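Student: I am new to this structure and would be grateful for a close look at a single part of it. Please concentrate on the salt bridges, and place them in their surroundings.

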Amino acid sequence: MSEDQPTATSPLRRRGKAFAARFRRNTLAMAGLVVTGSVLLIALLAPVLAPYDPATVNVPARLQGPSLAHPMGTDHYGRDLLSRVLFGARIALQVAVATPLVAGAIGVPIGLLAGYSGGRVDDALMRLMDSIFAFPAILLGLTLVAVFGQSLTNIVLALGIVYIPQFARVTRGSAVSVVEEEHVRVARSLGASHVRIMLVHVLPFCLSAILVQATVTAALAIVLESSLSFLGVGVPSPKPSWGSILRVGKGYVDSGEWWYSVFPGLAIVVAVLGFNLLGDGLRDVLDPRTDPNR
């Protein structure tokens, strides 16, 4: 083990213990964890919980209201809405998990390099991120999906590109403050390479801000994927995306089939609320100034 390793890991270990203690005391963080965990569990158990195959057509049962046989009613093809909403959670959770991973895999190294290097490298990388950030998310998402094609993989890739600048900015902001800390100066004086300093001595102290950004991006990704599906350019049929169910259901609201739009809309609200609560809670937890017991 190198001489500088204890200096780098000891503060990180102390921060980890303090984070766990504050997280347990934070109501928003725990509520967000419960809601998000419940949605994740429902998505994983959708094949078990769903009473019907979400793609099974039953025309005689079309547009039936909520009942014991169909707790959320049926759609215009007689398909069970509860089953389709449950399976739609799987698509939403895949997007919520994969989008931050794609965006972070590109944005974090860019932000880390910019914050550590400073000067012209920082300016050039941040101006590149600003050029992407200048496009409205929905417009950039539509453009990228049109280029890549409609599939869940391509949509995740498109959404990941949309949110790269957010991860780059957050990581860069954290890295700028960390590079001046004592353990980084010690690593430099001991002759550690730039790559090692960035990965071992800077990146771990940026993870808290990156984690908060990941939860926020997960919520935004669900909304943007639902918006793309609502516009007809999201996950292709017959996969039951919440946005596509909502798009068809809106045409039946005036004729009294309210359940067609209400239940997928509520599913979007609950999933997004869970990630937002978790993100807000993490932001409070990771800011020691908000801890009443500090």
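Tutor: A salt bridge here is a side-chain nitrogen of Lys or Arg within 4 Å of a carboxyl oxygen of Asp or Glu. The model is a predicted one, and its chain has an average pLDDT of 84, with 92% of the residues scoring at least 70. Confidence is lowest in helix α1 (residues 5–25), where the mean is 65, and highest in α4, at 91.

The structure holds 6 salt bridges. One of them joins Asp130 to Arg127, with 3.0 Å between the closest N and O atoms. Both residues belong to helix α5, and because they are 3 residues apart, about one helical turn separates them. An α-helix has 3.6 residues a turn, so residues three or four places apart point the same way. Asp130 is partly exposed, with a relative accessible area of 25%, and Arg127 is also partly exposed, at 47%.

Helix α5 (residues 119–133) takes part in another salt bridge through Asp122, whose partner Arg172 lies in helix α8 (residues 164–178); the pair therefore ties together parts that are 50 residues apart in sequence. The closest N and O atoms of Asp122 and Arg172 are 2.6 Å apart. Asp122 is buried, with a relative accessible area of 7%, whereas Arg172 is partly exposed, at 28%.

A charged group also meets a ring in this model: the charged end of Arg169 sits over the ring of Phe133, 4.3 Å from the ring centre.

In helix α13, Asp280 and Arg283 are 3 residues apart, about one turn of the helix. Their side chains meet in a salt bridge of 3.0 Å, N to O. Asp280 counts as partly exposed at 34% relative accessibility, and Arg283 counts as partly exposed at 41%. Elsewhere, Asp75, Arg79 and Arg84 are joined into one network by salt bridges that share partners.

Helix α13 (259–285) has a further role in the picture, since α13, α4 (81–117) and α11 (207–230) are among the elements that cover the buried residues of α12. Those buried residues of helix α12 (residues 242–249) are Trp242, Gly243, Ser244, Ile245 and Gly249.

Notes:
Residues numbered from 1 in each chain as written. Predicted model: local features only at pLDDT ≥ 70, side-chain atom pairs only at ≥ 80, totals over all residues. Heavy atoms only, no water. Buried < 20%, exposed > 50% of the residue type's maximum accessible area, 1.4 Å probe, protein only. Helix = DSSP H or I, 4+ residues; strand = E, 2+ residues; numbered from the N terminus. Contact = heavy atoms within 4.5 Å. pLDDT = per-residue confidence, 0-100. Lys NZ or Arg CZ within 6 Å of the ring centre and 35° of its normal.
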